[in-house]
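Please look over the chain and its fold below. A short report follows, moving from single residues to the whole protein and back.

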Amino acid sequence: MPNLKEYLKSPHIQIAIAAGLSILAIATSSVWLPMTPLDPLLLTIPALIEVAHGYVFKKRKDAWYAKTGYWVCAILVSTALLILLRALR
């Protein structure tokens, strides 16, 4: 049975963790910070980035833009921008 470090090296696990953290961050920010509601279409951006990574990773696994780290950063940055957008409204 593989240990936890081997599971965490998987690109699919890394993307899933980033998407989960994104969902938790948006949910906790909506509870703790009194903000105006955001368009539900904008809330799908981190999930759409996750889906785009799955497509690119399947088609072009060796390309420089298929690196999982870039996509994880894109998910986390988009989440931070969504939270800031909600806070500034």
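Is Ala-74 buried, partly exposed or exposed? Ala-74 counts as partly exposed, because its relative accessibility is 30% and the buried class ends under 20%. The model is predicted. Ala-74 lies in helix H4. Its C-alpha atom is separated by 9.6 Å from that of Ala-18, although the two are 56 residues apart along the chain.

**Overall layout**

The protein has four helices and zero strands. Read from the N terminus, the order of elements is α-α-α-α. Helix H1 covers residues 4–8, and helix H2 covers residues 11–32. Helix H3 runs over 45–59, and helix H4 over 68–88. The C-alpha trace spans about 45 × 30 × 15 Å along its principal axes.

Of the 89 residues in the protein, 27% are buried. The exposed area is about 6500 Å², and carbon and sulfur atoms supply 72% of it. Now take the contacts with a separation of 6 or more. Residues 24 or more positions apart account for 74% of these.

**The nonpolar core**

Which residues make up the largest nonpolar core? There are eight: Ile-15, Ala-18, Ile-49, Val-56, Ala-66, Trp-71, Val-72 and Ile-75. H2, H3 and H4 each give two or more residues to this core. H4 brings the largest share, with three residues.

Val-72 is one of the core residues. Beyond its neighbours within four places in sequence, Val-72 is in contact with Gln-14, Ile-15 and Ala-18. Two of these partners, Ile-15 and Ala-18, are also listed in the core.

His-53 lies in helix H3. Is His-53 buried or exposed? His-53 counts as buried, because its relative accessibility is 2%. With neighbours within four places in sequence left aside, His-53 is in contact with Pro-11, Ile-15, Ala-66, Thr-68 and Trp-71. Among these partners, Ile-15, Ala-66 and Trp-71 belong to the largest nonpolar core.

**The nonpolar surface patch**

The surface has a nonpolar patch of about 740 Å². It is made by Leu-4, Tyr-7, Leu-8, Ile-13, Ile-17, Leu-21, Leu-24 and Leu-76. H1 and H2 each supply at least two of its residues. H2 gives the largest share, four residues. So H2 contributes to the patch as well as to the core, with residues counted as buried when they have under 20% relative accessible area.

Leu-21 is one of the patch residues, and it is found in helix H2. Leu-21 counts as partly exposed, because its relative accessibility is 47%.

**Two serines in H2**

Ser-29 and Ser-30 sit side by side in the chain, and helix H2 holds Ser-29 and Ser-30. Which accessibility class does Ser-29 fall into? Ser-29 counts as buried, because its relative accessibility is 7%. Ser-30, at 33%, counts as partly exposed.

Both side chains have a backbone oxygen as partner. A polar atom of the Ser-29 side chain lies 2.9 Å from the backbone oxygen of Ile-26. The side chain of Ser-30 reaches the backbone oxygen of Ala-27 at 2.7 Å.

**Pairs across the chain**

How do separations in sequence and in space line up? The table lists C-alpha to C-alpha values.

| Pair | Apart in sequence | Apart in space |
|---|---|---|
| Leu-33 and Ala-87 | 54 residues | 7.5 Å |
| Ala-74 and Ala-18 | 56 residues | 9.6 Å |
| Cys-73 and Pro-11 | 62 residues | 13 Å |
| Ser-30 and His-53 | 23 residues | 27 Å |

Leu-33 lies in the loop between H2 and H3. Leu-33 counts as partly exposed, because its relative accessibility is 39%. Cys-73 lies in helix H4. Its relative accessible area is 49%, so Cys-73 is partly exposed. The last pair joins a partly exposed residue, Ser-30, with a buried one, His-53. Their C-alpha atoms are 27 Å apart.

Methods:
Residues numbered from 1 in each chain as written. Predicted model: local features only at pLDDT ≥ 70, side-chain atom pairs only at ≥ 80, totals over all residues. Heavy atoms only, no water. Buried < 20%, exposed > 50% of the residue type's maximum accessible area, 1.4 Å probe, protein only. Polar contact = N/O pair within 3.5 Å; in protein donor to acceptor, adjacent residues only side chain to side chain. Patch = residues over 30% accessible without salt bridge, like charges linked within 9 Å, V, L, I, M, F, W, Y side chains within 5 Å. Areas by Shrake-Rupley, 256 points an atom, 1.4 Å probe, with all protein chains shown as cover. Salt bridge = Lys/Arg side-chain N within 4 Å of Asp/Glu carboxyl O. Core = buried A, V, L, I, M, F, W, Y, C linked by side-chain atoms within 4.5 Å. Contact = heavy atoms within 4.5 Å.
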